[in-house]
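Student: Could we go through a structure together? I would like to learn how each label is earned.

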Amino acid sequence: MHKQSGWTAAAIVAATMAAGPAAARELVAFDAAAEAGTVVVRTAERRLYFVNGDGTAIRYPVAVGKAGKQWTGYARIDGKYLRPAWSPPDEVKRDNPRLPEVIAGGSPSNPMGVAALTLDRGEYAIHGTNRPGSIGTFASYGCIRMYNQDVADLYGRVQVGTTVVVTR
């Protein structure tokens with residue numbers, strides 16, 4: 001993934017909110033033992049929570065890994081990218097040999113959407129999608145997909161080093 005110049009997080013948020021449906025995120029009660037600022041993904045629920053630390057969290061609908069492609073555990077965000085280019089990992093390329101080596105950021109065929117938060121665990125990321133119909137499903141090779149407007153919102157709330165906890 002490559003950071004694209006000329007775009008700010010505010011511009012991405014403004015563009016996605018103007019171009020898409022209302023955000024699906026919502027404020028909910030959240031009593032799990034997680035520090036403020038932690039990202040919690042509950043795979044079975046197909047939901048991601050950004051913990052506020054006051055007994056609430058922002059809940060976002062997501063797509064998660066297909067059967068056999070899911071993972072659980074801890075990770076940290078190790079990169080933040082706007083309009084990232086995407087190179088398919090080896091496993092994806094094996095399953096889809098017609099994919100190009102790189103899909104440019106901003107391309108409608110780029111599966112990363114408007115932003116990506118890469119994780120320090122393998123080739124996984126929390127990212128947007130240009131296939132919003134996949135949200136709420138088991139669709140990926142282990143990445144966490146979000147509506148573009150929701151990943152833009154989360155992008156502004158997290159930092160490199162943010163803890164991510166993925167549970168079933």
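**Labels and the values behind them**

Tutor: Happy to! Let's start with one residue: leaving aside residues up to four places away in sequence, H127 touches P111, M112, A115, A116, C143, I144, R145, M146 and V151. Keep in mind that this is a predicted model.

Student: Where is H127, and what makes it count as buried or exposed?

Tutor: H127 has its place in strand 7. Its relative accessibility is 4%, and buried means under 20%, so H127 counts as buried.

Student: What about M112, one of the residues H127 touches: why is it called buried?

Tutor: The reasoning is the same kind: M112 has 3% relative accessibility, so it counts as buried. M112 is found in the loop between helix 2 (90–95) and strand 6. The C-alpha atoms of M112 and A85 are 7.8 Å apart, while 27 residues separate the two along the chain.

Student: How many helices and strands are there in the protein chain?

Tutor: The protein chain has three helices and ten strands. Reading from the N terminus, the order is α-β-β-β-β-β-α-β-β-β-β-α-β. Of the 168 residues, 45% are buried.

Student: What makes helix 3 largely enclosed by the rest of the structure?

Tutor: Eight of its ten residues are buried, so helix 3 (148–157) is largely enclosed. The buried ones are N148, Q149, D150, V151, A152, D153, L154 and Y155.

Student: Which residues have the most contacts inside the largest nonpolar core?

Tutor: They are V39, L48, I126, M146, L154 and V164, in a core of 26 residues. Two or more residues come from each of strand 2 (39–42), strand 3 (47–51), strand 4, strand 5, strand 6, strand 9 (144–146), helix 3 and strand 10 (163–167). Another core, of eight residues, lies apart from it, with W86, V92, M112 and A125 among its members. As background, nonpolar side chains in soluble globular proteins tend to be buried together.

Student: Which residues does L48 touch, not counting those up to four places away in sequence?

Tutor: L48 touches V39, V40, V41, I58, R59, Y60, V62, I126, I144, M146 and L154. For the chain as a whole, take the contacts between residues at least 6 apart in sequence: 64% of them join residues at least 24 apart.

Student: How do you know that strand 2 and strand 3 pair?

Tutor: Two strands pair if there are at least two bridges between them. Strand 2 and strand 3 have four and run antiparallel, with V39 standing opposite F50 in strand 3. Strand 2 also pairs with strand 10, in the parallel sense and over four bridges. There, V41 has V166 as its bridge partner.

Student: What is notable about phi of R46?

Tutor: Phi of R46 is near 55°, a positive value in a residue other than glycine. Most residues other than glycine have a negative phi. R46 belongs to the hairpin of strand 2 and strand 3, which has four residues between the strands. R83, in the loop between strand 5 and helix 2, also is not a glycine and has a positive phi of about 45°.

Student: Why are R46 and R83 called partly exposed?

Tutor: Partly exposed lies between the 20% limit for buried and the 50% limit for exposed. R46 has a relative accessible area of 22%, so it is partly exposed. R83 has 23%, so the label fits R83 as well.

Student: Why is the pair of W71 and Y124 called stacked?

Tutor: The structure holds two aromatic pairs. In the pair of W71 and Y124, the ring centres are 5.3 Å apart and the planes are at 20°, so the pair is stacked: centres must lie within 6.5 Å and planes under 30 degrees apart. W71 is in the loop between strand 4 (56–65) and strand 5 (73–82), and Y124 is in the loop between strand 6 (115–119) and strand 7 (125–127), so this pair links distant parts of the chain, 53 residues apart.

Student: Are W71 and Y124 buried or partly exposed?

Tutor: W71 counts as buried at 7% relative accessibility, whereas Y124 counts as partly exposed at 22%.

Student: How do you know that R42 sits over the ring of Y49?

Tutor: One part of the test is a distance within 6 Å of the ring centre. The charged end of R42 is 5.0 Å from the centre of the Y49 ring and sits over it. K80 lies over the face of Y155, at 4.4 Å from the ring centre.

Technical notes:
Residues are numbered from 1 along each chain as its sequence is written. This is a predicted model: local features need pLDDT of at least 70, side-chain atom pairs count only at pLDDT 80 or more; totals for chains, interfaces and linings use all residues. Side-chain values use heavy atoms; hydrogens and water are left out. Rings of Phe, Tyr and Trp (its six-membered ring) pair if their centres lie within 6.5 Å; planes under 30 degrees apart count as stacked, over 60 as edge-to-face and the rest as tilted. Buried means under 20% relative accessible area, exposed over 50%, partly exposed in between (1.4 Å probe, protein chains only). A charge sits over a ring if NZ of Lys or CZ of Arg is within 6 Å of the ring centre and within 35 degrees of the ring normal. Contact means heavy atoms within 4.5 Å. A nonpolar core is a set of buried Ala, Val, Leu, Ile, Met, Phe, Trp, Tyr and Cys residues joined through side-chain atoms within 4.5 Å.
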